[in-house]
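Reader: Hey, I'm new to this one. Can you pull it up and walk me through where the ligand goes?
Author: Sure, here it is.

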Amino acid sequence: MLDIRLAEREDLDTLFALDQACFRPGIAYSKAELKYFLFNPASISLVIEDDGQIAGFAIAELAPDRGHRIGHVVTIDVVAEQRRRGVGRTLMDALLDACQRAGAERMRLEVAIDNNGAIAFYKLLGFEETGRIRGFYMGRLDALRMELDLPSRHTRFAPSR
Ligand SMILES: CC(C)(COP(=O)(O)OP(=O)(O)OC[C@H]1O[C@@H](n2cnc3c(N)ncnc32)[C@H](O)[C@@H]1OP(=O)(O)O)[C@@H](O)C(=O)NCCC(=O)NCCS
């Protein structure tokens with residue numbers, strides 16, 4: 001059974017190991033960076049557990065942007081053996097809900113141009129490509145910028161009657 005909770009300080013080592021496993025050197029965060037993002041007061045950091053075992057985590061940072069509040073997805077990491085079972089979607093739905101409750105109107109993220117799985121995942125959630133940032137990773141790998149308008153989200157996914 002999947003459960004979602006806020007990240008806690010004791011999770012740091014496990015979440016760091018998961019981030020190192022999910023991303024190549026140069027994209028994975030250092031432990032100090034991850035600790036900062038997880039527990040920064042502007043962050044919403046969620047952990048998802050499957051039968052008490054951590055199956056993934058996600059972080060968004062709330063920030064002002066031209067008079068509006070946006071939620072910036074810092075990362076989403078799902079344990080390799082748990083992928084394609086709906087864990088990422090369940091986690092991201094909870095993160096988007098939490099950002100919306102905290103006043104965010106729009107979500108934004110960057111994803112490596114060669115991370116086709118993640119790009120497909122974000123598109124499924126309704127994110128749209130809004131730009132390309134040259135050399136965003138390590139000065140040599142481009143990122144796609146993707147954004148999602150939160151108020152339109154529930155309208156788009158509302159079940160038909
Ligand atoms: C991207 C990631 C978070 C997706 O997590 P997940 O738990 O596998 O996602 P879900 O099972 O909820 O997938 C939902 C849908 O997204 C799409 N999707 C997810 N992963 C996909 C992949 N590798 N290729 C194509 N489509 C994919 C599919 O439509 C999937 O539905 P389906 O399995 O019924 O076809 C996970 O692959 C991951 O942690 N990757 C490594 C870290 C990473 O790249 N994070 C994002 C960086 S910005």
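Reader: So how many residues surround the ligand, and which are the closest?
Author: This is a predicted model, and in it 21 residues surround the ligand. The closest are Val78, Arg84, Gly88, Arg89 and Asn115.

Reader: What does Val78 use to reach an oxygen atom of the ligand, backbone or side chain?
Author: Backbone: an N or O atom there lies 2.8 Å from a ligand oxygen. Arg89 also has a backbone N or O atom 2.8 Å from an oxygen of the ligand.

Reader: And what about Asn115?
Author: With Asn115, a polar side-chain atom lies 2.8 Å from a ligand oxygen.

Reader: OK, how much of the ligand does the protein bury?
Author: The protein buries 75% of the 910 Å² that the ligand exposes when taken alone.

Reader: Which helices and strands supply that shell?
Author: Strand S4 (68–78), helix H3 (87–101), strand S5 (106–112) and helix H4 (116–124) each give at least two residues. H4 has the largest share, with six residues.

Reader: What's the mix of residue classes in the shell?
Author: The shell around the ligand splits into 11 nonpolar, four polar and six charged residues.

Reader: Switching topic: where does the ligand sit, pocket-wise?
Author: In the largest pocket. That pocket has a volume of about 1,000 Å³. Its lining is made of 36 residues, and closest to the centre are Phe23, Ile76, Asn115, Ala118 and Tyr122.

Reader: Which elements supply the lining of the largest pocket?
Author: S4, H3, S5, H4 and strand S6 (128–137) each contribute at least two residues.

Reader: And which has the largest share of that lining?
Author: For the pocket lining it's S4, with seven residues, whereas H4 has the largest share of the shell around the ligand.

Reader: Last one: how does the lining break down by class?
Author: The largest pocket is lined by 21 nonpolar, eight polar and seven charged residues.

Terms used:
Residues are numbered from 1 along each chain as its sequence is written. This is a predicted model: local features need pLDDT of at least 70, side-chain atom pairs count only at pLDDT 80 or more; totals for chains, interfaces and linings use all residues. Side-chain values use heavy atoms; hydrogens and water are left out. A residue is near a molecule or strand if one of its heavy atoms lies within 4 Å of it. A polar contact is a pair of N or O atoms within 3.5 Å; within protein, one must be able to donate a hydrogen and the other to accept it, and residues adjacent in sequence count only if both atoms are side-chain atoms. Accessible areas come from the Shrake-Rupley method with a 1.4 Å probe; for residues, only the protein chains shown count as cover. On a 1 Å grid over the protein atoms alone, a cavity is a set of points where a 1.4 Å probe fits but cannot get out, and a pocket is an open set with protein on both sides within 12 Å along at least five of seven lines; lining residues have an atom within 4 Å of a point. A molecule sits in a cavity or pocket if more than half of its atoms lie within 2 Å of its grid points. Helices (H or I, at least four residues) and strands (E, at least two) are DSSP runs, numbered from the N terminus. Ala, Val, Leu, Ile, Met, Phe, Trp, Tyr, Cys and Pro count as nonpolar, Asp, Glu, Lys and Arg as charged, and the others, Gly among them, as polar. Grid points are joined across faces, edges and corners, and a volume is the space filled by probe spheres set on the points.
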